[in-house]
Amino acid sequence: MTLLDGEPTKEYQEGSGVARLGYSFNFLMAKGECTTQWSKTEDTCSTLRNRKAFLSSEKQQQDSQPKDGDNSQTAGHSSKDGTQSSNGTSAQWTDRGTDPPRKETHSSVLLLLVTVLSFSTRLYKIMEPAHVCWDETHFGKMGSYYINRTFFFDVHPPLGKMLIGLAGYVTGYDGTFPFIKPGDKYEHHNYWGMRGFCAVLGSFLPVFAYLIVLELSQSRTAALITATLLIFDTGCITISQYILLDPILMFFIMGAVLSMVKFKQQTHRPFSAPWWLWLVLTGVNLAGALGVKFVGLFVILLVGLNTAWDLWGLLGNLHLSLVDIAKHFLARVVGLILLPLFLYVTIFAIHFVVLNKSGPGDGFFSSAFQSRLIGNNLHNASMPEYLAYGSTITVKNLRIAGGYLHSHWHLYPEGVGAKQQQVTAYLHKDYNNLWLVHRQDENNTQSGAPDLVRHGDIIRLEHKETTRNLHSHLHEAPLTKKHFQVTGYGINATGDANDLWQVEVCGGRKGDLVKVLRSKVRFLHRATGCVLYSSGKTLPKWGWEQVEVTCSPYLKETPSSQWSIEDHINPKLPNISLSLLKPHFLEILLESHIVMIRGNSGLKPKDNEMNSKPWHWPINYQGLRFSGVNETEYRVYLLGNPVVWWINLASLGLYVIMVAVASVALQRGVPLDQRRREHCCVLRRGGGLLLLGWLLHYAPFYTMGRILYYHHYFPAMLFSSMLTGITLHILLQSTDFLLRPPYSYWLQKVGQMLLLFSVLYSFYLFHPLSYGMRGPLAHEPASAMAGLRWMDSWEF
């Protein structure tokens with residue numbers, strides 16, 4: 001074979017008598033094998049590779065050395081004496097030191113070349129621009145929070161930010177840069193460590209893709225096509241060079257896929273050291289992917305489906321006892337479920353231990369959660385344990401950014417319900433959050449020991465600063481028109497029947513006490529039957545852009561209608577330390593996930609905010625501006641290399657056609673030579689796995705209601721590029737359908753060179769998008785990007 005999987009050599013075509021006999025046997029045996037399950041103990045693709053290696057070894061033993069490489073033999077997969085398969089199934093040859101030096105050298109050189117090019121393109125100009133770009137505002141700031149041990153809230157799990165903070169800390173960053181907005185200059189602050197860490201992880205992506213495709217196709221050509229597409233993609237370069245979660249997430253996703261593929265290659269060596277190594281590494285990478293972003297669930301699903309298919313194949317292997325099958329099942333449960341779960345929970349345990357100081361994320365969590373944070377007013381505080389009449393309290397809504405029940409002297413404007421005192425929800429602690437608890441018929445607190453408030457009691461809440469009562473009536477709410485308006489009414493504790501509210505402890509029974517911090521409470525309006533509610537909507541400037549509070553006629557229990565008693569002052573009651581009410585680890589773990597999930601679903605596009613739709617992504621319809629808007633600024637624009645992305649898009653359709661043709665040919669028993677049978681197996685097995693990975697990382701976004709951005713497609717783009725490598729390689733290998741050798745061989749090489757040239761030339765044209773532009777904008781003739789706005793939606 002040629003170095004890059006070209007035409008077979010004459011020696012191979014003619015073969016010895018043993019080779020011809022083996023070939024005949026192969027044809028008879030493999031004719032129907034490709035339709036069997038992927039995970040059969042003696043799976044077809046591995047068998048075909050083993051037989052081909054055997055034939056090659058026969059030739060070697062006859063001192064007929066192959067002229068070039070073979071697409072069935074790669075680094076670490078062929079032996080000088082010839083019987084080791086790609087999955088290590090041979091019992092005879094396990095010493096990789098016996099591999100042919102020439103082939104080992106070729107593979108090592110190619111892998112080294114891929115690695116050097118990948119790291120070079122991503123680490124180039126890593127310090128530019130020397131100012132905050134796009135979401136570095138968020139994730140750089142969160143890295144600083146870890147260094148300062150300050151608690152914050154984010155909609156993603158903590159691992160990515162923890163690693164960014166750790167990278168900054170070990171490279172000398174002190175956590176003092178504020179990361180206020182894009183464009184802020186870093187000046188003397190040391191930011192290269194955080195950017196460099198993300199770039200290094202991003203640099204591994206083409207390397208991992210190369211190794212994955214090499215394992216799935218046993219073709220260095222397919223692997224090199226994949227690596228070329230990713231190395232010279234401007235989008236992959238840009239997204240790897242900044243302080244973002246995406247390169248970290250994709251590192252773990254590709255690590256999980258590579259480990260899964262390597263584990264599959266150990267099928268015939270169960271429970272050996274390499275078998276356990278790749279199983280454990282798969283589990284570790286799954287935990288890492290989920291620990292960075294919840295979209296890591298997609299690669300977990302991919303590995304889970306693949307594992308289930310393998311176990312189904314093992315169940316059909318009559319050579320295995322039920323005990324053996326149980327061992328396989330338990331090993332996968334430990335390696336792919338229990339281990340990732342343990343690591344994932346450990347990530348959060350470290351997160352809670354490190355972030356032990358009060359910070360900007362406090363208000364998103366319950367009062368009991370806040371009591372564990374140093375510097376919070378609830379930390380090590382003491383207060384009465386149960387709510388009583390005559391107490392001064394603050395009432396906090398349980399929805400994300402629901403805020404504290406709040407009022408102030410300002411009235412609702414003309415035309416917004418009744419012109420009475422505003423009642424809102426305020427996200428910060430403030431004196432105007434204080435309320436007094438009274439009986440329904442009581443104007444003053446009792447002189448003796450106060451009675452405790454119980455489930456079902458009717459109370460009146462008086463705003464301490466303005467002495468107005470919490471009040472509702474049948475006027476519609478300012479923003480949520482189907483709800484009723486909530487106001488402050490009366491003066492000096494005088495009001496009317498619309499000031500009365502019934503206390504209801506969620507899950508409680510009549511007579512149950514209301515516990516501070518821990519009880520979830522609802523306030524039902526006696527006159528209208530509605531329930532006090534924080535809508536989460538921001539009021540206009542007349543409402544000081546605080547959160548709307550309404551009275552909802554819909555009585556279903558939701559976080560928006562649930563409240564907790566946070567501050568509680570009553571000198572007539574004994575105090576207890578709030579440390580007794582602190583939640584345990586499992587409670588705060590559960591609460592943090594509820595808050596993150598709600599926060600994710602609540603990410604809606606703001607007015608005039610640029611977002612994109614999933615159908616935009618594969619066609620490279622619109623990019624993202626990372627930095628700069630005018631000709632004097634350093635401009636960076638996230639956009640994929642158009643040639644790469646459009647080749648990927650075309651290859652998706654081409655793959656479907658090719659695999660359909662191959663399946664029909666196999667089903668109809670069309671005579672195929674060994675190489676084409678191998679191609680069919682690679683298309684159906686390796687290509688099918690990659691197509692499933694692409695679908696799992698792309699299709700779910702069509703069902704999401706949250707705001708979406710272009711960068712969400714990049715994990716799917718990795719799978720698409722790997723599928724392109726396999727598809728184009730097999731397409732080029734099929735040129736002998738059109739031409740006879742050696743013309744088909746020349747056509748293959750011309751196709752490969754045209755592909756390489758088009759990708760490199762497109763990279764040359766568009767590389768300023770990644771590495772920065774200054775000067776005139778693209779629509780001006782003097783611009784370096786003039787004429788390159790091939791789509792009007794590109795905004796560079």
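**Notebook: disulfide, helix, pocket and loops**

I began with the cysteines and found that a disulfide joins Cys 530 to Cys 551, with 1.9 Å from S to S. I worked on a predicted model, in which local features need pLDDT of at least 70, side-chain atom pairs count only at pLDDT 80 or more, and totals for chains, interfaces and linings use all residues. Residues are numbered from 1 along each chain as its sequence is written, and side-chain values use heavy atoms, with hydrogens and water left out.

**Entry 1. The disulfide**

I took a disulfide to be a pair of cysteine sulfur atoms within 2.5 Å. In general terms, such a link is a covalent bond between the sulfur atoms of two cysteines. My search of the whole structure returned 1 disulfide. I noted that the link of Cys 530 and Cys 551 is right-handed, with 95° about the S-S bond. Cys 530 lies in the loop between β10 (521-525) and β11 (531-538), and Cys 551 in strand β12 (residues 547-552), so the pair ties together parts that are 21 residues apart in sequence. For these element names I used DSSP runs numbered from the N terminus: helices are H or I runs of at least four residues, and strands are E runs of at least two.

I then asked whether Cys 530 and Cys 551 are buried or exposed. Both are buried, where buried means under 20% relative accessible area, exposed over 50%, and partly exposed in between (1.4 Å probe, protein chains only). I also looked up two further cysteines: Cys 506 is buried at a relative accessible area of 18%, and Cys 680 counts as buried at 7%.

**Entry 2. Helix α18**

I checked the length of helix α18 (residues 714-733). Its 20 residues should span 28 Å at 1.5 Å a residue, and its end C-alpha atoms are 29 Å apart, which agrees. The expected span is 1.5 Å times one less than the number of residues. How many of the residues of α18 are buried? I found 19 of the 20, so the helix is largely enclosed by the rest of the structure.

Beyond this helix, I recorded a cis peptide bond between Pro 741 and Pro 742, with omega about 0°. Pro 742 is placed in the loop between α18 and α19 (743-766).

**Entry 3. The second largest pocket**

I read off about 480 Å³ of space for the second largest pocket. A pocket is found on a 1 Å grid over the protein atoms alone, as an open set of points where a 1.4 Å probe fits, with protein on both sides within 12 Å along at least five of seven lines; lining residues have an atom within 4 Å of a point. The volume is the space filled by probe spheres set on the points, which are joined across faces, edges and corners.

The lining has 22 residues, and those nearest the centre are Ser 366, Leu 398, Lys 520, Glu 591 and Ile 594. I noted β2 (392-397) and α15 (585-601) as the elements that give two or more residues to this lining. Which of the elements gives the most to the lining? It is α15, with 6 residues. By residue class I recorded 10 nonpolar, 5 polar and 7 charged. Here Ala, Val, Leu, Ile, Met, Phe, Trp, Tyr, Cys and Pro count as nonpolar, Asp, Glu, Lys and Arg as charged, and the others, Gly among them, as polar.

**Entry 4. Backbone details in loops**

I recorded a cis peptide bond joining Glu 128 and Pro 129, with omega about -10°. Pro 129 lies in the loop between α4 (101-123) and α5 (136-148).

I next looked up positive phi values outside glycine. Gln 218 has phi near 55° and sits in the loop between α7 (192-217) and α8 (220-231). Gln 218 is buried, at 1% relative accessible area. Thr 467 has a positive phi of about 65°, and its place is in the loop between β6 (458-463) and β7 (469-476). Thr 467 is also buried, at 17%.

**Entry 5. Contacts and sequence-distant pairs**

Thr 121 lies in helix α4 and is buried at 10%. I noted that its C-alpha atom is 9.4 Å from that of Thr 234, although the two are 113 residues apart along the chain. Ser 770 lies in helix α20 (residues 768-771) and is buried at 2%. Ser 770 and Gln 241 are 529 residues apart in sequence, yet 8.8 Å apart from C-alpha to C-alpha.
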